[in-house]
Amino acid sequence: MLGFDLTDEQRELKELAHKFAEQEIIPRAREYDEKEIFPVDVCEKAFAAGLMNFGVPKELGGPGLGVLDTSLIVEELNYGCAGISNAIGANDLATLPILIAGNDEQKRTYLGQLVKKLTFCAFAITEPGAGSDVAAMSTTYRREGDGYIINGTKHFISNGSRADWYVTFATSDKRLKHKGISCFVFPSSVPGITRNRMHGKLGQRAADTGEIFYEDVRVPASALVGREGEGFKYAMATFDHSRPEIGAIAIGIAQRALDECLKYSKQRNAFGQPIANFQAIQFMMADMAIQIEAMRLLTYKAAWLVDKGEGANTISAYAKAFSADATMRITIDAVQIFGGYGYMKEYPVEKLMRDAKLLQIYEGTSQIQRVVIARNLLKD
């Protein structure tokens, strides 16, 4: 039997996260966006409230939440600000390869750090010449003595200039494509690493997006995550787990946009009455509500399947592609409903539109999601 009711615990998690967004995120969102302020203060409060590092297992001191529970929280945090929430939630992406393929010592060392004090980590896979085409990465590694030497550049990395440790991907030989890729985890303090924050983003400007440069970075053999040559598989498994959470980010942004439109349309008068009385505005908001409900159903189903351990490759792609594209449409319509005021930073909808755009790009573009879906449709 299917069921759509949240448990009492899930409702409490959503309420806690929504209250945190209203009290701690929304009051800072505009300033932190304009000034590109990385929200360490908000992250400290989120850490204290138990609103970080959701996937860290209970035996290591973490909450041990599944993807569905995490998505419920992510949805509410992103109602406040996607940039600030990126800083709060980026650790979860970096923890996934360790959870998927890491050994017990790696889990104790790296995941254990996350629950002792506020710690940042980063999932480093994207490069200047390898975004959607992960197998084209140029960051290399070679075996030397009892360890590995890593060289290359990563960019557009969430928490990239802030991370205390990295999960990074490198290839032993570009000619091997995806079969040459391995995964490593190591502290950001290892000699040979330089990094900087990338500035001038369209949206999610409070989030740290960094470049990382590896110059003859020596890491021990114990830095290898899982088996050599299987890094691509671990990265794809990571995205299958994380894509429902991108759907949840989209829901949070879209719900905020709809709520702002509902409030504004009742207050703004034109032709002697609130614009909420006009059918053109009503239909736009009705379409928003329809799309948000569809986003929730797709996202929750994808998260539920991941938690059950069932194949969620295609449904995760459905959720990510549909939710990202729908939220972009919703936020564009929100700006339209606000008219000239929607174009001004005084009101929140222009920021929601800017923040939404990134959802169609990171962790696999909307086009790449369609490639994944089409390939699964065309399988014999």
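**Helices 6, 7 and 9, and a hairpin**

In this predicted model, the buried residues of helix 9 are V349, E350, K351, L352, R354, D355 and A356.

Me: What makes helix 9 "mostly covered"?
Reply: Just a head count: of its 9 residues, spanning 349-357, 7 are buried. To get that label a residue has to sit under 20% relative accessible area.

Me: And which helices do those buried residues pack against?
Reply: Helix 1 (8-35), helix 4 (82-101), helix 6 (231-267) and helix 8 (313-338). Packing here comes down to heavy atoms within 4.5 Å.

Me: Why are helix 6 and helix 7 called roughly antiparallel?
Reply: Look at the angle: their axes cross at roughly 160°, and anything over 145 counts as roughly antiparallel. So that's the name the pair gets. The axes come within 9 Å, with helix 7 covering residues 279-308, and the crossing is left-handed. Sorted by class, this contact has 18 nonpolar, 5 polar and 2 charged residues.

Me: How do you know that strand 2 and strand 3 pair?
Reply: DSSP has to find at least two bridges between them, and here there are 5, in the antiparallel sense. Strand 2 is residues 140-144 and strand 3 is 147-158. As one example, Y141 has I150 in strand 3 as its bridge partner.

Me: What sits between the strands in that hairpin?
Reply: There are 2 residues between them, and G145 takes a positive phi near 65°.

How values were computed: Residues numbered from 1 in each chain as written. Predicted model: local features only at pLDDT ≥ 70, side-chain atom pairs only at ≥ 80, totals over all residues. Heavy atoms only, no water. Buried < 20%, exposed > 50% of the residue type's maximum accessible area, 1.4 Å probe, protein only. Helix = DSSP H or I, 4+ residues; strand = E, 2+ residues; numbered from the N terminus. Axes fitted to C-alpha atoms, helices over the stretch in contact; angles between N-to-C directions. Parallel < 35°, antiparallel > 145°, perpendicular 65-115°, else oblique. Left-handed = near helix turned anticlockwise from the far one by under 90°. Nonpolar A, V, L, I, M, F, W, Y, C, P; charged D, E, K, R; others polar.
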